[in-house]
Amino acid sequence: MSWLFIDTHKMNEMRLGILDGDASKIEMLEGRSRVLLLALQQLDRQTLAGLDGVCVVAGPGSFSSLRSGVLTANLFARLFKCRLVSVRANEAVDLDTLAARLSRSEFSAMAFAAPMYGAEPNITK
């Protein structure tokens, strides 16, 4: 099984790649949403077309960081008509364990993932 994995819960740091059983191909990236979109563009289109699902870390975390990751995960799951699963940050620490849990369908698929913010958004002028 192969899953697109998106983790943007930390400010200016993200993990992105394909989780497929034992071989986890996840990259650590620095930056924000622009970096995420550029990195997604580099992924193999055939691999993306054959995804079993999209797994996103939905929090808790930074408002700005989470919204870009969760939005992207929702979009890709709809675009590729595959399952969508959101996990908490502590469930995504060990990616081998997460990949095994995904392959055993331990997480329920959802229509859309919602971010879990670590605090109230602080939006100012």
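1. Among the elements of the chain in this predicted model, strand β3, which covers residues 23-30, has the lowest mean pLDDT, at 82, whereas strand β5, covering residues 83-88, has the highest, at 98. For the chain taken as a whole the mean pLDDT is 90, and 95% of the residues reach 70 or more. As a general caution for any reading at the level of atoms, predicted coordinates should not be read in detail where pLDDT is low.

2. On the secondary structure, the chain holds four helices and five strands, and from the N terminus on these elements follow the order β-β-β-α-α-β-α-β-α. The radius of gyration of the chain is 14 Å, close to the 14 Å that the globule rule gives for 125 residues, so the chain is as compact as a globular protein of that length. The C-alpha trace, taken along its principal axes, spans about 45 × 30 × 25 Å.

3. Turning to packing, 43% of the 125 residues of the chain count as buried. If one considers the contacts between residues at least 6 apart in sequence, 63% of them join residues that are at least 24 apart.

4. As for the surface, the chain exposes about 7200 Å², and carbon and sulfur atoms supply 52% of that area. The chain carries 14 positive and 13 negative charges, and the mean positions of these two sets lie 9 Å apart.

5. A first residue to look at is Asn-74, which is found in helix α3, the element made up of residues 63-79. Because its relative accessibility is 15%, below the 20% under which a residue is called buried, Asn-74 counts as buried. When its neighbours within four places in sequence are left aside, Asn-74 is in contact with Leu-84, Phe-112 and Ala-113; of these partners, Leu-84 falls within the residue range 83-88 of strand β5, the element with the highest mean pLDDT in the chain.

6. A second residue is Asp-44, whose place is in the loop between α1 (33-42) and α2 (45-49). With a relative accessible area of 43%, Asp-44 is partly exposed, because this value lies between the 20% and 50% limits that separate buried from exposed residues. The C-alpha atom of Asp-44 is separated by 10.0 Å from that of Ile-18, a residue 26 places away along the chain.

Notes. Residues are numbered from 1 along each chain as its sequence is written. This is a predicted model: local features need pLDDT of at least 70, side-chain atom pairs count only at pLDDT 80 or more; totals for chains, interfaces and linings use all residues. Side-chain values use heavy atoms; hydrogens and water are left out. pLDDT is the predictor's confidence in each residue, from 0 to 100. Helices (H or I, at least four residues) and strands (E, at least two) are DSSP runs, numbered from the N terminus. The radius of gyration is taken over C-alpha atoms; the globule rule is 2.2 Å times the number of residues to the power 0.38. Buried means under 20% relative accessible area, exposed over 50%, partly exposed in between (1.4 Å probe, protein chains only). Contact means heavy atoms within 4.5 Å. Accessible areas come from the Shrake-Rupley method with a 1.4 Å probe; for residues, only the protein chains shown count as cover. Lys and Arg count as positive and Asp and Glu as negative; His and the chain ends are not counted. The place of a charge is taken as NZ of Lys, CZ of Arg, CG of Asp or CD of Glu.
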